[in-house]
Amino acid sequence: MKKGVLTMIAIFSIVTIGKAQKQEKAKIKEVITAFAKAGDSNDYEALDAYLDDNYRVVMNRLFGSNQVAILPKTVYVDKIKSKEFGGDTRELTFKNITVNGLTASAEVIFVGSKMTFHSIMLLAKNEENVWKLVSDMPVIEK
């Protein structure tokens with residue numbers, strides 16, 4: 001009898017944890033999708049809602065550079081505002097999302113008419129239980 005109860009508790013725990021992980025992954029997809037749409041429409045005010053204050057874009061040897069360049073949130077938002085970045089309609093493909101407690105990573109492909117980016121994105125859940133983007137490491141595919 002004890003074995004049966006323990007087995008049922010274990011199964012219930014596994015199902016509950018799996019369901020919670022699935023819900024968190026769905027929330028992360030929503031945040032990244034909304035972030036992309038805000039950038040696509042150069043809506044820098046909406047974009048700001050999805051970015052942690054510590055957000056940065058880490059560009060490793062992009063656009064002909066031979067160095068790692070880091071754009072802090074303020075510079076990135078200014079580039080969206082000035083339309084130097086953004087202004088494309090992109091389709092997103094989520095390759096992998098890993099949730100690790102209050103942090104997560106997402107591997108996402110952004111396909112637009114101007115460029116295709118393959119990004120590793122880091123997220124953190126804040127005190128209000130809202131996922132915010134902390135970092136984006138894009139690689140240009142075309």
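**A note on the salt bridges, sheet and pocket**

1. Glu24, Lys27 and Lys125 are linked in a network of salt bridges. That seems a good place to begin with this model, which is a predicted one. A search of the whole structure turns up six salt bridges, and the next points go through some of them.

2. Let us take the local pair of the network. Lys27 forms a salt bridge with Glu24, with 3.7 Å between the closest N and O atoms. Both residues belong to helix H1, which spans residues 2–40. They sit three residues apart there, about one turn of the helix. How do the two compare in burial, buried or partly exposed? Lys27 has a relative accessible area of 38%, so it counts as partly exposed. Glu24 comes to 14%, which is under the 20% cut-off, and therefore counts as buried.

3. The other pair of the network involves Lys125, whose side chain meets that of Glu24 in a salt bridge at 3.1 Å, N to O. This pair links distant parts of the chain: Lys125 is in strand S5 (residues 116–125) and Glu24 is in helix H1, 101 residues apart. Lys125 is buried, and so is Glu24. As a general reminder, side chains of opposite charge can pair when their charged atoms come close.

4. A further salt bridge is found between the side chains of Lys79 and Glu84, again given N to O, at 3.1 Å. Glu84 has a relative accessible area of 53%, so it is classed as exposed, the cut-off being over 50%.

5. Now to the sheet. In what order do the six strands of the open sheet run? The order is S2-S1-S6-S5-S4-S3, and the pairing is mixed. Strand S2 (68–72) and strand S3 (91–100) are the edge strands, each pairing on one side only. From one strand to the next, the twist averages 20°. You will recall that strands of a sheet pair through backbone hydrogen bonds, either parallel or antiparallel.

6. One pairing in the sheet can be followed in detail. Strand S1 (residues 51–60) and strand S6 (residues 131–140) run parallel and are joined by three bridges. If you would like a residue pair to look at here, Val57 stands opposite Asp136 in S6.

7. Helix H3 (residues 73–81) lies across S1 and S2 and runs at about 80° to S1. Lys73 is part of this helix. Is Lys73 buried or exposed? Its relative accessibility is 10%, so Lys73 counts as buried. Which residues is Lys73 in contact with, leaving aside its neighbours within four places in sequence? They are Asp48, Leu51, Asp52, Asp53 and Tyr55.

8. Last comes the largest pocket, with a volume of about 460 Å³. Of the 21 residues that line it, Phe85, Gly86, Arg90, Met115 and Phe117 are the closest to its centre. The elements giving two or more residues to the lining are H1, S1, H3, S5 and S6. Which element provides the largest share of the lining? That is H1, with three residues. Helix H1 thus ties two of these points together, as Glu24 and Lys27 of the salt bridge described above both lie in H1.

Methods. Residues are numbered from 1 along each chain as its sequence is written. This is a predicted model: local features need pLDDT of at least 70, side-chain atom pairs count only at pLDDT 80 or more; totals for chains, interfaces and linings use all residues. Side-chain values use heavy atoms; hydrogens and water are left out. Two strands pair if DSSP finds at least two bridges between them. Helices (H or I, at least four residues) and strands (E, at least two) are DSSP runs, numbered from the N terminus. Axes are lines fitted to C-alpha atoms, for helices over the stretch in contact, and angles run from 0 to 180 degrees between N-to-C directions. Contact means heavy atoms within 4.5 Å. Buried means under 20% relative accessible area, exposed over 50%, partly exposed in between (1.4 Å probe, protein chains only). A salt bridge is a side-chain nitrogen of Lys or Arg within 4 Å of a carboxyl oxygen of Asp or Glu. On a 1 Å grid over the protein atoms alone, a cavity is a set of points where a 1.4 Å probe fits but cannot get out, and a pocket is an open set with protein on both sides within 12 Å along at least five of seven lines; lining residues have an atom within 4 Å of a point. Grid points are joined across faces, edges and corners, and a volume is the space filled by probe spheres set on the points.
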